Structure formats: structure tokens, C-alpha cells
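Thank you all for coming. I would like to walk through this structure slowly, for anyone who has not seen it before, and I will put it on the screen now.

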Amino acid sequence: MKTNIGVFFGGRSTEHEISVISASQAMHAINREKYDVTPIYISKQGRWYTGDALMDIQNYRDLPALLEKCEEVYMEPVFGDYNLYRRKRKVFGNPVYAQLDVVMPVLHGMNGEDGTFEGILDSIGIPYAGCNTLASANGMDKITMKMILKACDVPVVDYVWFTDKEWYSKRDAKIAEIEEKLGYPVIVKPANLGSSVGIGRANDRQQLIERVADAERYSTRIIVEDLVEDLHEINCSVLGDCDEYQASVLEEPIKSGEILSYQDKYMGGTKGAKGMQASQKRIPADLPEDVTKRIQHLACETFRVLSCHGVARVDVMIDGANGNIYVNEINTIPGSLSFYLWEATGIPFDQLMDRLVALALKRNRALALKTVSYDQNIFSLGAGLKGGVKK
């Protein structure tokens, strides 16, 4: 029997559509001679659906019609139960739609890439590709990520962070801190979103207030960073686990404005969204060899210190004024799984999917060797419990 890969995508996220594009590309890259594929689409309302119609990206133009062709499903939060169950069961029908062997999460943004979904998979115990709950959460939150990287001597730009409630109760103090520590211009970001959503440049105090107002529409935590004006953005993908990993060739995205926008990343200058591979870029990036090696080293260090797994994309910044290199962020579920970077490195998309499945199964085997509970029942020993009542 072939290994059945459950590919989860969509989700309750501002990056819902990008997830659908990435998953479609991934599912079509999987070698069907080796694997079966079960698509599981999570709607913006959080309901799960499956069916062959989900495989065709054109069907998403009419979502109600698409879901009419699909079946609603769910999984039980029971350790060791890898079944995908039918939501509507027939009296004498089989309640199990399919049994999954490994999960491929392709969920971008909140409620998917941030560790939320990975926690569900951990509770079930099913093998899955990509970062675990902790690494996903730390990688998704720009504040926590920069704290960890800075503590591990990975260079990041200076920043100030605060919650939306702090902004209202201590606005003057926060503005003073930003102006004293950073100065203008700055860049304002929601702490836990990707795809350039809610991000904006502020050149003065009034623009800062406006940009924070926009960012807090998406997140309760806001980060304000020193803006590198003579900026060269470079991306590098890393594949493996935190003990054994490799870096891809580098890419230089080409932006249409001051900031690489959602349209730059995913629309590729066309009317139809194509995913990250459609954006304008140079592969490999035209950089001196020593700079290339330095960026690859920093990408691998970011992957390592955050305890990442599977495939991730690390975005770095080169300050053209002084040559300084900073890690900007990590995408633990990168758009299109960065397959175009690995193809340029010599690993075709289908082989990349093979590697991700193998890594998922390897981690699951390693976790099975760890002690998570004791067989002995302390209640059978007859001793009273601290704070309890003896009889």
C-alpha cells in the first residue's frame, strides 16, 4: 500500500488564498506512484472538507459550488487515531473517509503556521512535515523570533515592541522610546502576520500613529523596526532538521516600491495569483561569494537556533550603505515551499516532497523513543496525596 499524505491548507488566516496556491502546487508535485494524496481544505470559517475537486485550482473561483462537491470531515483528538472521519455518517456506511499516514501542513499565517495546527497534530501523534509547535510559534512571532536570534548572536535590526493596549495607555512614552532608540524612518509590522499584510513605512510621528493603527487591525502585538533605507532583500531556504541541514542558492526579490508588497510576492505582475515563483526575482542572487556564504550561514543559524524542521525560508537584508547583513524573518511554511530555490539548487519539487515526508517519519520515530509518561500508577501505592484527604 502507498503512503497516504494528508495535505492541509486554507485556514482561518489573511493568507488563506496563498495557502491554497501553495498546496495546489505541492499536491501536483507529489509522486503518485509512491504516494496517495488526500486534500483537506480548511475554510475561512474553520470547517474541514475533502474531495478530488479540491485538486483543481480553477474550482476555487466558485467556492460554494466547489464545497458542494466535497465532503465535510474531521479528526478525533485521540493519540494514535490517524483516521479522517465523515461529518455526516450514513446509518450503515463506513464512518472513516480515509486513514492518513503523514500530514503535510501548508497553512500560512495565523491558526496554521503559528503552531496552533501543529499542536493538534502533536496531540494525535501523527507524523507531519515542517516545524513543531514551539518552532512554529517562535518563527511566526516577529518579536519572539528577534529576541531569540539576538540572544544567539544572529544579527537583527534594532526594534521596539508593544501591545495594542500599551499603545493606548502609554502612547506618548512609546513614541518617545521609538524616536530615541530608532529615529525615523521606521517600519511598522503586526507581530504575527506574513505576506506583507499590515506593514507600512513611517517617516514621522503622524505616519507612525497611522501605521500602528493599521497594524493593530491584524494583531495585538506590534513591532516597530529601524528601517534600512538602502536595502537589498535576499532570501535563502533551508532544508533538514536542526541537527542536519543544508542551504539553497539565494534569490533577490524585485520589488515595485519601497517595500516588497503582497502583489509583488504573489501576483507576479499578472491578473492571476501564481504563488511566490511568479514574483520577479534573480536566482541565483548576483552577490560576491563571501557575501553569499555569509547569508547562507546566517540562514542556517536561524534555522538551527529556532529548532526548525522540514523546509523554511529565511529573509535577510543587506544594508547597501555599510554592507551590514541582518536576518529579517523566517517563514516556517514558505510560499510554494520554496521549491523554485531547491530546483535551482538541484533538488526537483517531487524529490523535495520526498525529503519532507522522510523527515516527518524520522522525527516521529525519534519521538517514539522518548519517555512521556510512567506506567506506574501512584494512586495504587496507597499513599495520601499532598493537599488531599486521607481516610
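Before I turn to the inside of the protein, one term has to be fixed: a cavity here is a set of grid points where a 1.4 Å probe fits but cannot get out, and a residue counts as lining it if it has an atom within 4 Å of one of those points. Please also keep in mind that what you see is a predicted model.

With that term in hand, the structure holds two cavities of 30 Å³ or more, and I will speak about the second largest, which has a volume of about 100 Å³. Which residues lie nearest the centre of this second largest cavity? They are P105, A129, G130, T332 and I333, out of a lining of 14 residues. Strand 7, residues 102–106, supplies at least two residues of that lining, and strand 15, residues 309–319, likewise supplies at least two. By character, the lining divides into nine nonpolar residues, four polar ones and one charged residue.

Let me move on to the aromatic rings, where the count comes to eleven aromatic pairs. One of them is formed by F9 and Y41, whose ring centres are 5.8 Å apart and whose planes make an angle of 50 degrees, so the pair is classed as tilted, that class being for planes neither under 30 nor over 60 degrees apart. Because F9 lies in strand 1, residues 3–10, and Y41 in strand 2, residues 35–42, this pair ties together parts that are 32 residues apart in sequence. F9 is buried, with a relative accessible area of 0%, and Y41 also counts as buried, at 1%.

A second pair, F339 with F349, has ring centres 4.3 Å apart and planes at 5 degrees, and is therefore stacked. Here F339 belongs to helix 11, residues 339–345, and F349 to helix 12, residues 349–368, so that the pair links parts of the chain ten residues apart. Both F339 and F349 are buried. Beyond these pairs, there is an aromatic cluster made of F8, W48 and F117.

Rings also meet charges in this model. The charged end of K281 sits over the ring of Y340, at 4.6 Å from the ring centre, and the charged end of R363 sits over the ring of Y128, at 4.5 Å from the centre of that ring.

Now to the cysteines. How many disulfides are there? The count comes to zero. For C131, the nearest cysteine sulfur is that of C308, at 3.8 Å, and since a disulfide requires two sulfur atoms within 2.5 Å, C131 is in none. C131 is buried, with a relative accessible area of 3%. C152 is in no disulfide either, and its nearest cysteine sulfur, again that of C308, is 12 Å away. C152 counts as partly exposed, at 33% relative accessibility.

I will close with some details of the backbone. As background, most residues other than glycine have a negative phi, and most peptide bonds are trans. Against that, a cis peptide bond joins Y184 and P185, with omega of about 5 degrees, and P185 lies in the loop between helix 7, residues 171–181, and strand 9, residues 186–190. Another cis peptide bond joins I283 and P284, with omega of about -5 degrees, and P284 is found in the loop between strand 14, residues 281–282, and helix 10, residues 289–305.

As for phi, D153 has a positive value of about 65 degrees although it is not a glycine, and its place is in the loop between helix 5, residues 142–151, and strand 8, residues 159–163. S338, also a residue other than glycine, has a positive phi near 55 degrees, and S338 lies in the loop between strand 16, residues 325–331, and helix 11. Which of these is buried and which is exposed? D153 is exposed, with a relative accessible area of 70%, whereas S338 counts as buried, at 0%.

Key. Residues are numbered from 1 along each chain as its sequence is written. This is a predicted model: local features need pLDDT of at least 70, side-chain atom pairs count only at pLDDT 80 or more; totals for chains, interfaces and linings use all residues. Side-chain values use heavy atoms; hydrogens and water are left out. On a 1 Å grid over the protein atoms alone, a cavity is a set of points where a 1.4 Å probe fits but cannot get out, and a pocket is an open set with protein on both sides within 12 Å along at least five of seven lines; lining residues have an atom within 4 Å of a point. Grid points are joined across faces, edges and corners, and a volume is the space filled by probe spheres set on the points. Helices (H or I, at least four residues) and strands (E, at least two) are DSSP runs, numbered from the N terminus. Ala, Val, Leu, Ile, Met, Phe, Trp, Tyr, Cys and Pro count as nonpolar, Asp, Glu, Lys and Arg as charged, and the others, Gly among them, as polar. Rings of Phe, Tyr and Trp (its six-membered ring) pair if their centres lie within 6.5 Å; planes under 30 degrees apart count as stacked, over 60 as edge-to-face and the rest as tilted. Buried means under 20% relative accessible area, exposed over 50%, partly exposed in between (1.4 Å probe, protein chains only). A charge sits over a ring if NZ of Lys or CZ of Arg is within 6 Å of the ring centre and within 35 degrees of the ring normal.
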